[in-house]
Amino acid sequence: MKRKVLVAGVGMIPFSKPGKSESYTVMGERAARLALEDARVPYGDVEQAYVSYVYGDSTAGQAAIYRVGLSGVPVFNLNNNCSSGSSALFLARQAVESGMVECAIALGFEQMVPGALKGAYEDRPSPMARFADTMTTLQGYEPSSPRAAQFFGGAGRDYMKQHGIRPDTFARISVKARQHAARNPMAVFRDTVTLDEVMASPKVFDPLTRLQCCPPTCGAAAAILCSEDFARRHGLDTRVWIAAQAMTTDTPSTFDSGDMRRVVGYDMTRAAARQVYEAAGIGPEDIDVVELHDCFTANELITYEGLGLTPEGTAEKFILEGDNTYGGRVVTNPSGGLLSKGHPLGATGLAQCAELTWQLRGQADQRQVEGARLALQHNLGLGGACVVTLYQAQ
């Protein structure tokens, strides 16, 4: 029998630009200690640790968590590209839900370097080769442009062709992201920007400008998950629990559809969201607040539809009418999202978890979404994996 899994504690350190951060070991330790302190759980009560990062050596998870304690528990190192943090959360949730453990920690961190993402090895097949070949077949390849921007910019182009939206519709998402981030002391970019400033920033890959692309970021975040029985025995916070969660990977449509939206995970998103809604017995119209994977503005726009927040082909209307922000239908990325808060790959999914936990507890200060009771998290990694998580306030 599956057990209820509570988010007993969360921790996150302020994100920073590459070269401005502490080492990954220090960042990871700090985030883990913050989560343990928030949960009021000693590290000795944690039975398993799931640690996520993308750019790091084997057992970097142990190097960080050993600074918290040497308790001899299993430590699992995870790399699922940009969905690594939520993959750690997924496994920690499974361990508690199944009864394997009573309490687990999911920890994510990233110590990045400036510039565009790139692979670490040139002497072996790239795990992104099939994706890159598909993209090149559909739209060509521009050696002077960052590859990630070509993937998601291409998805934006395909959406524009199919639905006839204006290029500045994407830019409006950046304006919204900065407005939200201005209320978040953890965010990297807190200065607001105008639509004209977003459109006038250097072109990265049409239709994306620099202010429509998330920055490389360093940071760490963590979550303590436990069973309801464990929480009650130890007098822990029982206000937030994981009501449903799904993880998906690619299907043939990623490579066979001729649609760049699907190459970058639209179908994974849609499938994971449907599984979550079905498991929880709710619909997207019931969601109050969302943290979704806005690595580029184009991905936020297509994800609105992938998650069912607005019907397919209506994302522009959704944005223009302000249904994606405070006072609208559902507040998306109150943290400022990856675009403004930053995107330390291994930590992103757990930072989303922290933000939504604070929202459901009513602890989000100036960012608080009034009356939030159902929160949806979407974390995507090319290569590929998508994790969608539904949190509920008791």
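**A chat about a cavity, a pocket and two cores**

Guide: In this predicted model, the largest cavity is lined by V264, G265, Y266, T269, N299, I302, T303, G306 and L380.

Visitor: What volume does the largest cavity have?

Guide: The volume of the largest cavity comes to about 30 Å³, and a search of the whole structure finds 1 cavity of 30 Å³ or more.

Visitor: Which element gives the most to its lining?

Guide: That is α12, with 4 residues, while α11 and α12 are the elements named as each supplying at least two residues of the lining. By class, the lining of the largest cavity divides into 4 nonpolar, 5 polar and no charged residues.

Visitor: Moving along the chain, where is T314?

Guide: T314 sits in the loop between α12, which covers 297-306, and α13, which covers 315-320. From T314 to I302 there are 12 residues in sequence and 9.9 Å in space, taken C-alpha to C-alpha, and I302 is one of the residues that line the largest cavity.

Visitor: Why does T314 count as partly exposed?

Guide: Its relative accessibility is 25%, so T314 counts as partly exposed, given that the class runs between under 20% for buried and over 50% for exposed. If neighbours within four places in sequence are left aside, T314 is in contact with Y159 and E305.

Visitor: And the pockets: how big is the second largest one, by volume?

Guide: The second largest pocket has a volume of about 290 Å³, and of the 16 residues that line this pocket, K2, E97, A243, A244 and Q245 are the closest to its centre. The elements that give two or more residues to the lining are α3 (84-97), β8 (240-248) and α11 (266-280), with β8 giving the most, at 6 residues.

Visitor: What classes of residue are in that lining?

Guide: The lining of the second largest pocket has 9 nonpolar, 2 polar and 5 charged residues.

Visitor: Which residues touch the most other members of the largest nonpolar core?

Guide: Those are F151, L301, L307 and L376, in a core of 53 residues. Another core lies apart from that one, with 38 residues that include Y43, A49, Y53 and A220.

Visitor: What does L376 touch?

Guide: Not counting residues up to four places away in sequence, L376 touches a set of residues that includes V276, Y277, L307, L356 and L390.

Visitor: Last one: what does UniProt list for residues 260-383?

Guide: An unreviewed UniProt entry lists residues 260-383 as "domain: Thiolase C-terminal". Over residues 260-383 the chain is 45% helix and 10% strand, and the end C-alpha atoms are 14 Å apart.

Definitions and conventions: Residues numbered from 1 in each chain as written. Predicted model: local features only at pLDDT ≥ 70, side-chain atom pairs only at ≥ 80, totals over all residues. Heavy atoms only, no water. Buried < 20%, exposed > 50% of the residue type's maximum accessible area, 1.4 Å probe, protein only. Contact = heavy atoms within 4.5 Å. Core = buried A, V, L, I, M, F, W, Y, C linked by side-chain atoms within 4.5 Å. 1 Å grid on protein atoms, 1.4 Å probe; cavity = no way out; pocket = protein on both sides within 12 Å on 5 of 7 lines; lining within 4 Å. Points joined across faces, edges and corners; volume = space filled by probe spheres on them. Nonpolar A, V, L, I, M, F, W, Y, C, P; charged D, E, K, R; others polar. UniProt positions renumbered as here; feature names shortened; annotations may be inferred.
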